[in-house]
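Trainee: I have a new model open and no idea where to begin. Can you walk me through it?
Mentor: Sure, let's put it on screen.

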Amino acid sequence: MTERIIEMIQSGNKEHPLVKSYIEGSRFYSDFIDMMKFFENKLKKSEYKGIQKKVENSFYTSDIQEFLQCMCELIVIYYLLRRYSENNFNYEPKLCGGYNPECNFMIDDICVNVEVKTPNYSKRIVQEQMDSLKIFPAERIKKHKEIIQELSNIISSNSEQDIIVEELMRLDNKLKDYLLHSQKKFPKGQQYFNILVIALEIAS
């Protein structure tokens, strides 16, 4: 079944990240195919079909965020499956009235549930592509908009070039939302250990 994914990529839109990596012969493509083959060998057939469908949907959509969310989820699952494949590993188990985390597995008598969230990188990608001087506040500071504007004025007044200064937006503003939503997916009790993974671009 991985052959279907390979054919999809090799005949896909040349602007797609996976197709680009295939054409350029980068590790992103080869590592992705290795990951898919590992899933096919280790997961139940129905579970692998679920992953394959998710990959195909994220491949054909024009929304880059859906692709990034898919890749983040699969990389975390891949990491865990390589270590806990013999620990009653389940992909997208149905818990808490139909909600499903990415996976769960057993360690001794504890059931470990894992959920993955990916902030929306669409605006960040547009920002990164702009020809501008970018400032990213490492910590949360009061009146940060005024400070950014002041820095912009100082830089502009001391430069012969017309420099655009902009603030890179933080991607951790929805942490509370992620925590609240993940609680709906996680069962409660001493027999459970619940993990929320958030794919942020920077530790802060």
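**A first look at the strands**

Mentor: Start with one pair: Cys-111 has Tyr-192 in β6 as its bridge partner.

Trainee: Hold on, what kind of model is this?
Mentor: This is a predicted model, where local features need pLDDT of at least 70, side-chain atom pairs count only at pLDDT 80 or more, and totals for chains, interfaces and linings use all residues. Residues are numbered from 1 along each chain as its sequence is written, and side-chain values use heavy atoms, with hydrogens and water left out.

Trainee: And how many helices and strands does the chain have?
Mentor: The chain has 8 helices and 6 strands. Helices (H or I, at least four residues) and strands (E, at least two) are DSSP runs, numbered from the N terminus.

Trainee: What pattern do they follow along the sequence?
Mentor: It reads α-α-α-α-α-β-β-β-α-β-α-β-α-β. The chain is more spread out than a compact globule, because its radius of gyration is 21 Å, well over the 17 Å that the globule rule gives for 204 residues. That radius is taken over C-alpha atoms, and the rule is 2.2 Å times the number of residues to the power 0.38.

Trainee: What box do the C-alpha atoms fill?
Mentor: Roughly 65 × 45 × 25 Å, along the principal axes.

Trainee: Back to the strands. What is the strand order in the open sheet?
Mentor: The order is β1-β2-β3-β6, 4 strands with mixed pairing. Its edge strands are β1 (90–91) and β6 (192–198), each pairing on one side only. Two strands pair if DSSP finds at least two bridges between them.

Trainee: Do β3 and β6 pair in the parallel or antiparallel sense?
Mentor: Parallel, over 7 bridges, with β3 spanning residues 110–117. Another partner pair there is Asn-113 with Asn-194 in β6.

Trainee: What about β2 and β3, parallel or antiparallel?
Mentor: β2 (residues 103–107) and β3 run antiparallel, joined by 5 bridges. Phe-105 has Val-112 in β3 as its bridge partner, and Cys-103 has Val-114 in β3.

Trainee: How many residues lie between β2 and β3?
Mentor: The two strands form a hairpin with 2 residues between them. Asp-108 in the turn has a positive phi of about 55°.

Trainee: Where does β1 fit?
Mentor: β1 and β2 run antiparallel, with 2 bridges. Tyr-91 stands opposite Cys-103 in β2.

Trainee: How many residues of β3 are buried?
Mentor: 7 of its 8 residues, so to speak of β3 as mostly covered is fair. Buried means under 20% relative accessible area, exposed over 50%, and partly exposed in between (1.4 Å probe, protein chains only). Across the 204 residues of the chain, 37% count as buried.

Trainee: New topic. Which helix holds Glu-47?
Mentor: Glu-47 lies in helix α4 (residues 45–60).

Trainee: Is Glu-47 buried or exposed?
Mentor: Glu-47 is buried, with a relative accessible area of 8%.

Trainee: Which residues does Glu-47 touch?
Mentor: Phe-89, Asn-90 and Tyr-91, leaving aside residues up to four places away in sequence. Contact means heavy atoms within 4.5 Å.
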